[in-house]
Amino acid sequence: AGGQCIGFLSLMLRAVVDLDASDLRRLMTLSAQAAAVVQNLRLLERTRQQLADMATLQETTSALAASLTFDEAVAVLLPRVANAMQANQVSMFLVDEGQMTRIGTYSMDSSDSALVGRSYPLADFPLTQKAIETRQPVVVTGDDARLQEHARQSFKAAGITANATIPLVGREGVMGTLTASLKAPRPAFDDHEIRLLQTLADQTTLTFENIRLLEQTRDRARQQEALNEMTAVISAAEDLDDLTACLPVIVEPLRQLAPVDVVTLTTYIPGEAECTLFSVLADGEGQHVAQPGIRVALEGTSPGWVILHREPLLDTDMRQPSHTFPGDERLLAEGFLSRMIMPLQLGEQVVGTLNMRSSQADAFTPEHQILLRQVTHQLAQALERYRLLEAAQAAAAEAAATHRSYLRREWQDYLQKEKALSQAAFVYDQQAVSTAVDFQRPEIERTLERGNLVALEGDEGRSGLA
């Protein structure tokens with residue numbers, strides 16, 4: 001067919017017969033017709049297979065596109081791959097830091113019990129490692145010489161005759177593998193099945209990347225919402241008392257950013273040897289309550305170290321801390337395993353710290369430091385605003401006291417002069433002459449006492465102000 005030999009037409013006779021040229025022509029005609037039929041059947045089978053593949057890909061792509069989580073995508077993909085490949089078992093692994101973790105499995109045989117969530121060292125599976133390094137499929141059979149002995153025994157115990165591993169290659173590298181296995185009587189995968197498996201793996205990779213982007217967007221939205229909630233609370237506080245009273249409100253949104261168990265706030269006036277620590281503790285009903293501030297020394301304390309060095313302190317595991325302080329043993333005894341202390345800094349000046357502790361190891365990361373800079377900057381601005389407000393109020397009170405003192409001295413001088421004048425003065429009248437009296441002295445004295453204006457009502461309609 002088409003100039004290529006695709007088979008043979010054999011004619012067997014029980015008796016010896018001489019075939020002439022016409023017989024041979026008829027046989028050649030039959031052979032050509034048979035070749036055409038076989039070719040058409042192959043084309044028909046290939047077309048059916050392509051249509052089935054397209055249907056599988058379309059159905060799988062639509063189902064994957066509707067998936068919003070990794071678990072949903074895995075649950076959608078694995079049974080469809082098994083049906084399309086007629087594979088006995090299909091598994092998916094995620095790869096990270098020399099480990100591969102099984103995140104899903106689907107088996108035609110209910111007796112198979114692969115453990116989802118179990119991790120394996122990549123070094124124990126060199127063929128999988130090769131697929132990841134070369135980013136190319138690796139297909140083996142049960143008797144392949146490249147198999148490790150433990151893998152060969154595992155194949156034999158499970159009755160696996162062939163295994164195909166397809167790397168999931170994304171924009172940032174290989175994120176995992178898609179693995180399909182066959183059992184007897186099927187001995188191996190053909191090229192068509194490997195191409196189909198590769199196409200499904202590529203679609204899976206695209207779906208995983210989209211889901212990861214969606215989750216990152218959701219995480220950023222949740223983080224920004226938590227940050228906005230905290231900054232709104234901080235901005236609404238009018239003074240330090242308001243801020244410390246609002247600390248319990250800040251704890252909950254802060255927990256959306258990191259697994260925080262205890263939050264404390266330290267305020268500091270530059271130049272002093274001590275700082276003030278405000279803590280938030282849980283009451284018996286699980287509610288958080290702000291505690292009164294206590295004075296602590298800078299030297300020998302973790303908040304003091306951050307204030308003096310003007311840099312964050314991050315201990316992912318307090319059993320092996322980067323710096324040790326006298327109170328660390330007590331914190332460990334209370335069950336705290338990690339801590340992060342952020343400076344509240346304005347320029348080169350530190351006005352306090354935000355202190356967080358967690359009962360989980362590795363609860364805080366450098367990414368948390370970057371994320372919380374918005375909160376620490378807002379806190380630093382609030383503390384500086386309170387300090388400036390207190391300074392302005394103190395200056396205004398001092399100015400008012402100075403003004404009152406000035407007025408008191410001026411009135412006292414005036415009264416003394418009036419008294420001296422009254423002792424030497426007299427008033428002429430038609431009937432008599434009398435010495436002048438201090439008509440306004442009581443009102444003036446009340447003015448000095450009260451610090452405000454007093455109306456004076458005199459004789460013959462006269463009035464005045466003191």
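# A guided tour, from surface patch to salt bridges

Start by selecting L11, L13, V17, L19 and L24, which make a nonpolar surface patch of about 440 Å². Patch members have over 30% relative accessible area and no salt bridge; nonpolar side chains (Val, Leu, Ile, Met, Phe, Trp, Tyr) are joined within 5 Å, and like charges within 9 Å. Areas come from the Shrake-Rupley method with a 1.4 Å probe, and for residues only the protein chains shown count as cover.

Before moving on, a word on what is on your screen. This is a predicted model, in which local features need pLDDT of at least 70 and side-chain atom pairs count only at pLDDT 80 or more, while totals for chains, interfaces and linings use all residues. Residues are numbered from 1 along each chain as its sequence is written, and side-chain values use heavy atoms, with hydrogens and water left out.

Stay with the patch and click on L19, in the segment before helix 1 (21-65). Helices (H or I, at least four residues) and strands (E, at least two) are DSSP runs, numbered from the N terminus. L19 counts as partly exposed because its relative accessibility is 40%; buried means under 20% relative accessible area, exposed over 50%, and partly exposed in between (1.4 Å probe, protein chains only).

Now go to helix 2 (residues 70-85) and pick L77. Is L77 buried or exposed? L77 is buried, because its relative accessible area is 0%. Add Y106 to the selection: the C-alpha atoms of L77 and Y106 are separated by 9.4 Å, with their positions 29 residues apart along the chain.

**The strands**

Next, select strand 6 (residues 173-183), where eleven of the eleven residues are buried. Two strands count as paired if DSSP finds at least two bridges between them. Which way does strand 1 (residues 89-96) run against strand 6? The two are antiparallel and joined by six bridges. To see one contact point, display F93, whose bridge partner in strand 6 is T177.

Then bring in strand 5 (residues 160-170), which pairs with strand 6 in the antiparallel sense over ten bridges. Here I166 has L178 of strand 6 as its bridge partner. Follow the backbone from strand 5 to strand 6 and you pass through a hairpin of two residues. Strand 5 is largely enclosed by the rest of the structure, because nine of its eleven residues are buried.

Strand 5 also has a link to strand 4 (residues 138-141): four bridges join them, and they run antiparallel. Show T141 and you will find it opposite A162 in strand 5.

**The charges**

Side chains of opposite charge can pair when their charged atoms come close. Here a salt bridge is a side-chain nitrogen of Lys or Arg within 4 Å of a carboxyl oxygen of Asp or Glu. How many salt bridges does a search of the whole structure find? The search finds 15.

Begin with R310 and E348, whose side chains meet at 3.1 Å, N to O. This pair links distant parts of the chain, 38 residues apart: R310 is in the loop between helix 8 (302-309) and strand 11 (313-315), and E348 is in the loop between strand 12 (338-346) and strand 13 (349-358). R310 counts as partly exposed because its relative accessibility is 41%, whereas E348 counts as exposed at 59%.

Move to R330 and E334, which form another salt bridge (3.1 Å, N to O). E334 is partly exposed, with a relative accessible area of 45%. You can also select E272, E274 and R295 together, since they are linked in a network of salt bridges.

Now turn to helix 11 (residues 373-424), which holds E390. In helix 11, E384 and R387 lie three residues apart, about one turn of the helix, and their side chains meet in a salt bridge at 2.5 Å, N to O. E384 is buried, with a relative accessible area of 14%, while R387 is partly exposed at 37%.

Finish at E390, which gathers with E238, D239, D241 and D242 in a patch of negative charge on the surface. Lys and Arg count as positive and Asp and Glu as negative, with His and the chain ends not counted. The place of a charge is taken as NZ of Lys, CZ of Arg, CG of Asp or CD of Glu. E390 counts as partly exposed because its relative accessibility is 48%.
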